[in-house]
Amino acid sequence: MFDREMQTMPSRYYLMLRLERARGLLRQTPMSILHVALASGFASQSYFARCYRANFGCLPSDHRQAL
């Protein structure tokens, strides 16, 4: 039912929620990228960076430097 209504799998939806939260933290706080990753539910900075790049097309550090 979730797939039909949201047109994505629950795990993918949850990942996107975490990444959106991380992007907000990168924009609005001076937290380190490691702390942003942990606060967003990622177990490691490297996994966070891979997911971030796959979804937003840049690394979290690139995004922060652009601000």
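Leu38 is partly exposed, with a relative accessible area of 46%. This residue lies in helix α3. Its C-alpha atom sits 9.2 Å from that of Ala22, and the two residues are 16 apart in sequence. The model is predicted. The protein chain has five helices and zero strands.

**Overall layout**

- From the N terminus, the elements of the protein chain run α-α-α-α-α.
- The C-alpha trace spans about 40 × 20 × 20 Å along its principal axes.
- The protein chain has 67 residues, and 27% of them count as buried.
- Take the contacts between residues at least 6 apart in sequence: 46% of these join residues at least 24 apart.

**Nonpolar core**

- The largest nonpolar core has twelve residues: Leu15, Leu19, Ala22, Leu25, Leu26, Ile33, Val36, Ala37, Phe42, Phe48, Cys51 and Tyr52.
- Three helices each supply at least two residues of this core: α2 (10-28), α3 (33-39) and α4 (45-56).
- Helix α2 gives the largest share, five residues.
- In soluble globular proteins, nonpolar side chains tend to be buried together.
- Ile33 is one of the core residues. Beyond four places in sequence, Ile33 touches Leu26, Gln45, Phe48, Pro60, Ser61 and Arg64.
- Two of those partners, Leu26 and Phe48, are named in the core as well.

**Packing of α2 against α4**

- The axes of these two helices come within 11 Å and cross at roughly 95°.
- Angles of 65 to 115 degrees count as roughly perpendicular, so α2 and α4 are roughly perpendicular to each other.
- On the α2 side, the contact uses Arg12, Leu15, Met16, Leu19, Glu20, Ala22, Arg23 and Leu26.
- On the α4 side, it uses Phe48, Cys51, Tyr52, Asn55 and Phe56.
- By class, the residues of the contact of α2 with α4 divide into nine nonpolar, one polar and three charged.

**Aromatic residues**

- The structure holds four aromatic pairs.
- In one of them, Phe42 and Tyr47, the ring centres are 5.9 Å apart and the planes stand at 55°, so the pair is tilted.
- A pair of aromatic rings is described by the distance of the centres and the angle of the planes.
- Phe42 has 2% relative accessibility and counts as buried, because the cut-off for buried is under 20%.
- Its partner Tyr47 is partly exposed, with a relative accessible area of 38%.
- Both residues belong to one aromatic cluster, together with Phe48, Tyr52 and Phe56.
- Phe48, Tyr52 and Phe56 also appear on the α4 side of the contact with α2.
- Phe42, Phe48 and Tyr52 are among the residues of the largest nonpolar core.

**His63 in α5**

- His63 is found in helix α5, which covers residues 60-66.
- With a relative accessible area of 14%, His63 is buried.
- Leaving aside neighbours within four places in sequence, His63 is in contact with Arg23, Leu26, Arg27, Tyr52 and Cys58.
- Of these partners, Leu26 and Tyr52 belong to the largest nonpolar core.
- Arg23, Leu26 and Tyr52 also take part where α2 meets α4.
- Glu20 is 43 residues away from His63 along the chain, and their C-alpha atoms are separated by 13 Å.
- Glu20 itself is one of the α2 residues that meet α4.

How values were computed: Residues are numbered from 1 along each chain as its sequence is written. This is a predicted model: local features need pLDDT of at least 70, side-chain atom pairs count only at pLDDT 80 or more; totals for chains, interfaces and linings use all residues. Side-chain values use heavy atoms; hydrogens and water are left out. A nonpolar core is a set of buried Ala, Val, Leu, Ile, Met, Phe, Trp, Tyr and Cys residues joined through side-chain atoms within 4.5 Å. Buried means under 20% relative accessible area, exposed over 50%, partly exposed in between (1.4 Å probe, protein chains only). Helices (H or I, at least four residues) and strands (E, at least two) are DSSP runs, numbered from the N terminus. Contact means heavy atoms within 4.5 Å. Axes are lines fitted to C-alpha atoms, for helices over the stretch in contact, and angles run from 0 to 180 degrees between N-to-C directions. Angles under 35 degrees count as roughly parallel, over 145 as roughly antiparallel, 65 to 115 as roughly perpendicular and the rest as oblique. Ala, Val, Leu, Ile, Met, Phe, Trp, Tyr, Cys and Pro count as nonpolar, Asp, Glu, Lys and Arg as charged, and the others, Gly among them, as polar. Rings of Phe, Tyr and Trp (its six-membered ring) pair if their centres lie within 6.5 Å; planes under 30 degrees apart count as stacked, over 60 as edge-to-face and the rest as tilted.
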